[in-house]
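Colleague: I should be grateful for a close look at the cysteines in this model. Please set out how the search for disulfides turned out, and add some remarks on other sites.

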Amino acid sequence: MEDFWKTYLRMCEEGGVEPQESVVVHLQETTAGQCSRLDLSGQSLSVETCSVLARAFQKETIFTEVLLSDCMLSEEGAKILLTGLLGNNTVKILDMKGNNLKSSGAEALGKLLAHNKAVRRMVLEWNALGLWDDTFSLFCDGLASNSILTQLDLRNNQINHHGASELALALKCNTVLEVLDLRWNNIGLLGGRSLLEALQKNKSIVQLEMAGNNIPSDILKALEQTTGHNLERQSTLRESRNKTQVLRMEIQTLKDLKGSQILKLMEIIDRQRDEIGHSNRSALIQIRQLQEALNERKSTVNSITAKLQMTEAALALSEQKNDNMGELLTRVRAETEEHKEQHNKERKKDEEEYACREGKLLREIQDQHQTTVQLQLKLEEMERRCKSQQQQIFDLKHELTNSTAEFKLRLVQTEERLETEKQRSKQALDDMDGLRQKEVEHVKHHLEESERVLQERIFKLEGQRIQLEEQEHISSMEEKVRSARSSLQEVQLQCSQQRQTIYELQSKTSQQSTKMDGLRRRIEELQQELLGKDQEKVAEVSKVRVEFLEQIGHLQAERTAQTGLKEKINALERELKVLTSNHREVLLDKEHEMLSMHEKLRHKEAEILRMREDAANRASYLQSAILTYVQGSPVGHYDIPKK
């Protein structure tokens, strides 16, 4: 805040504008308060003050709310202020109530709405924006292209049904505006119908004030109903967003859990691989040991065969000696035969021992061969598992390539968006440079005209000085010439200040170019981060797919269990149907029996009644007979108790 009022004073000094004391005092008071609200309501701001404030707003400020109500702004001053707010990114609330803004003000407000990306609430009460239809259409065009503003107050702006139709066209394109106040205008029946038609397409406005516009009650009720529908729609959208956020969080937790499970599975697979490698190495060592034992047994067999050959050679020599010696053989033959028999026995023993050893070795070799076959089967199973895992890895790689392609497409789209944003910023900079060049040319033209006027005045004054030299008034004319020269020097100073501002603008453009280079570097860094995130997302996608496959397996198992339960339920239902049918039949039989019993009881009761009546009749007959008998007997009267 302190920097702002200091920059205000500095810019006033640079532009040769006398600062307004009320504005300076108010800025100092807000500095003491340390707030982000700039309230200049009720201050009469001149055009020069508006130009200084516009230049100050073009720089970075900490104001988020600017109140300029009842400031008696002229058309030119309002236009300058609003052009200064075009590139501002901090002001969120703008109040320009009661400034009698008309054609140029409406046009400047349309440009502000089209280019500003920060203002969210705008109060334009007690102005005359709808007085001219052409300029109000420009204001509505800016509102149609705006994507930030959520609240707009247009009370008492002399908006007729033409302006209402333009505003309706803007509302059909705008999808952000939520609150619109149009009270106390001249919209009428046609304007109300056009606004109602626009609200049939606009789904963002939730509050619309239309009192004091000569609109029938049925149209007002229809407008209230549409805004109520929009409000309900916004509430449902908020609820859905909250639910989606909760679901995202749950999905993230599930992803984390499944990722940990996948890591555990990978560890288990690595352990199994290590165990298989260890078992393979141990099997190879055993095979080598068996090979060495076989080699030793082969060497022993070779030694035995050598001994046999030597004995055969000895036998051949002995036969030669026998042939040579003749007679000695006959003598020694018996001894040699005995030796032969002994040697044959020993050889047979050796052959039997060799056969036993060879059988043992063969059995050991067969056992080892069976173990090797089992190990080979295990290896084949592990190779099949490895092949299946490799197939899964290949599928995952294919999915990863698809996801990387999708992410690359998204990256290309973001790059295209960045390029469009760069082109928009370049177009805005070019527009600003063109405006600045136009202003500089206007100032230069004004300076040239002022210099020409001053030179004409100097010539006139010199002629007057020549005429007044004869009348002895040379001194007063020289003073006028001096004043004219001083004014010319002031104009030259202003020209130099304008050049200084041009140099400052050029330096700003160079700074903005450096900022653009920094943004490009930032974009490259973001692309690298996107690549890293793409890789992470690919890994997460693979994990999630594995989890989904597991879930599908669980669901299939549950489905089979449910089918079994359904079959059991159907069987139980069939049994219940059979039981209910049987029970109904039994009940019907019981009811028939009850009816028959009731009929029998009725018959019995009727018989009992008849029997009682018969007994009563008999008793009466007997009693009458007894009475007649007693009365007719001569004995006398007897007292017979009546029953």
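Modeller: The cysteines are discussed below, followed by two helices.

This is a predicted model, in which local features need pLDDT of at least 70, side-chain atom pairs count only at pLDDT 80 or more, and totals for chains, interfaces and linings use all residues. Residues are numbered from 1 along each chain as its sequence is written, and side-chain values use heavy atoms, with hydrogens and water left out.

A disulfide is a covalent bond between the sulfur atoms of two cysteines. Here the term denotes a pair of cysteine sulfur atoms within 2.5 Å. Searching the whole structure yields zero disulfides. For Cys50, the closest cysteine sulfur belongs to Cys71 and lies 8.1 Å away, which is too far for a bond. For Cys140, that closest sulfur is in Cys173, at 11 Å, again too far for a bond. Cys50 is buried, with 0% relative accessibility, and Cys140 is buried at 1%; buried means under 20% relative accessible area, exposed over 50%, and partly exposed in between (1.4 Å probe, protein chains only).

Ser194 is also buried, at 15% relative accessible area. This serine belongs to helix H8, residues 188-199; helices (H or I, at least four residues) are DSSP runs numbered from the N terminus. Leaving aside residues up to four places away in sequence, Ser194 touches Ala164, Ser165 and Ala168, where contact means heavy atoms within 4.5 Å.

Ile552, by contrast, is partly exposed, with a relative accessible area of 41%, and its place is in helix H11, residues 474-632.

Definitions and conventions
Helices (H or I, at least four residues) and strands (E, at least two) are DSSP runs, numbered from the N terminus.
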